[in-house]
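User: Please take me through this model and explain each term as it comes up.

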Amino acid sequence: MFAERFRVRRNWLLGRYTVRTFEGHSQGISCVQFDEQRIVSGSSDKTIKVWDIRTNKPWSALTLAGHSATVRCLHLSGDRLVSGSADRTIKVWDLKNTGKDWSSAACRVTMIGHMHTVRCLQVDDNKVVSGSYDKTLKVWDLSSGQCCLTLRGHEEAVLCVQFNARRIVSGSADRTIKVWDLSEGFCINTLCGHHDAVTCLHFDDNRIISGSVDSDLKFWDIITGQCVETLDWIRSEGHTGVIRHLQADKWRIISAADDKTLKVMVGVCVCVCLLVCVCMHVLACGCVVDSVCVHVCLCMCVCACTCSRQCMCVCVVMVM
């Protein structure tokens, strides 16, 4: 396991890759998920295919049929696969033991309640949260398939959603981001600032990162709802096309857009911190960031601020 991760990291840093093509769908592929054993794809041909990641032979793929329109979104978690479709339904599939017997995969639950395409969803051990073109979000019980909450407030289609133990964050074609209380279902805050539809987002306990049709990446304080930084193509070498997807961790933000590029921002941290301002000044002078500065950058993001200005530290970090 360690050797495999080391090899992946080394190839990532050096830009090494090999191309393998998996063919089998009869129409366009609209969504993909994968883990260490499988690649799962959803298509406009109304099917889901589960591929053995070790081989791209067509006969090795399992086809899941059940949706009556385009499969628009997927979430793979262990042996559980959840799919959302333009047929307005959400299906829960059991992939247990499919490595030995493809025929054992089956749809366990079908969730019915949305009035339009299910555009996005996320799953944990107990629930599914979905967003739809019908302008609503729904919280579902994963076992029974019953709808527990319906969240209304967006004025246009819901295009992206993410949740944690306390909050749901959703982005919409109405150009806003909404933060919801998960347990009660009420809207805590509405974030306004994008000039077009919000297509993707990521959040943690301190910040929200969002991408939009307006080509901008925005960083928001999750408590105040204030936009603390915008990365655009004019000032920040940002994207020039619609941002379709983004992922983030403590070290990186990766975004993909219609301008045919992936942008990797390394060591990005949105902070309100005097020490990070100093760190940013040192970087601007061309000095090498040492491990102490890296520690400060990561930890001070959640500390109380001693200065009055908001700053964004964008660093290419080299740990000595």
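Analyst: Helices (H or I, at least four residues) and strands (E, at least two) are DSSP runs, numbered from the N terminus. This is a predicted model, in which local features need pLDDT of at least 70, side-chain atom pairs count only at pLDDT 80 or more, and totals for chains, interfaces and linings use all residues. Residues are numbered from 1 along each chain as its sequence is written, and side-chain values use heavy atoms, with hydrogens and water left out.

User: How do you know what span is expected for helix H1?

Analyst: The expected span of a helix is 1.5 Å times one less than its number of residues. H1 covers residues 2–14, which is 13 residues. From first C-alpha to last, H1 reaches 18 Å, close to the 18 Å expected. Just after H1, Gly15 has a positive phi of about 75 degrees.

User: What makes the largest pocket a pocket and not a cavity?

Analyst: The search uses a 1 Å grid over the protein atoms alone: a cavity is a set of points where a 1.4 Å probe fits but cannot get out, whereas a pocket is an open set with protein on both sides within 12 Å along at least five of seven lines. The largest pocket has a volume of about 3000 Å³, where volume is the space filled by probe spheres set on grid points joined across faces, edges and corners.

User: How do you know which residues line the largest pocket, and which are the closest to its centre?

Analyst: A lining residue has an atom within 4 Å of a point. There are 50 such residues, and Val32, Gln33, Phe34, His245 and Gln247 are the closest to the centre. The elements giving two or more residues to the lining include H1, strand E1, strand E5 (71–77), strand E21 (243–248) and strand E22 (252–257). H1 gives the largest share, 7 residues.

User: What makes a residue of the lining nonpolar, polar or charged?

Analyst: Ala, Val, Leu, Ile, Met, Phe, Trp, Tyr, Cys and Pro count as nonpolar, Asp, Glu, Lys and Arg as charged, and the others, Gly among them, as polar. By that rule the lining holds 24 nonpolar, 13 polar and 13 charged residues.

User: Why do Phe22 and Trp51 count as an aromatic pair, and of which kind?

Analyst: Rings of Phe, Tyr and Trp (its six-membered ring) pair if their centres lie within 6.5 Å, and planes under 30 degrees apart are stacked, over 60 edge-to-face and the rest tilted. The structure has 1 aromatic pair. Phe22 and Trp51 have centres 5.6 Å apart and planes at 75 degrees, so the pair is edge-to-face. Phe22 is in the loop between H1 and strand E1 (29–34) and Trp51 in strand E3 (residues 47–52), so the pair ties together parts 29 residues apart in sequence.

User: Why are Phe22 and Trp51 put in separate classes of accessibility?

Analyst: Buried means under 20% relative accessible area, exposed over 50%, and partly exposed in between (1.4 Å probe, protein chains only). Phe22, at 22%, is therefore partly exposed, and Trp51, at 3%, is buried.

User: How do you know how many disulfides there are?

Analyst: A disulfide is a pair of cysteine sulfur atoms within 2.5 Å. The search of the whole structure finds 0. Cys107 is partly exposed at 31%, and Cys227 is partly exposed at 32%.

User: What makes the phi of Arg175 and of Ser215 worth pointing out?

Analyst: Most residues other than glycine have a negative phi. Arg175 has a positive phi of about 80 degrees, and Ser215 has one near 75 degrees. Arg175 is in the loop between strand E14 (167–172) and strand E15 (176–181) and is partly exposed at 46%. Ser215 is in the loop between strand E18 (207–212) and strand E19 (217–221) and is buried at 9%.

User: Why is Val161 or His154 called buried or exposed?

Analyst: Val161, in strand E13, has 12% relative accessibility and so counts as buried. The C-alpha atoms of Val161 and Gly131 are 6.6 Å apart, with their positions 30 residues apart along the chain. His154, in the loop between strand E12 (147–152) and E13, is buried because its relative accessible area is 6%. His154 and Thr136 are 18 residues apart in sequence and 6.9 Å apart, C-alpha to C-alpha.
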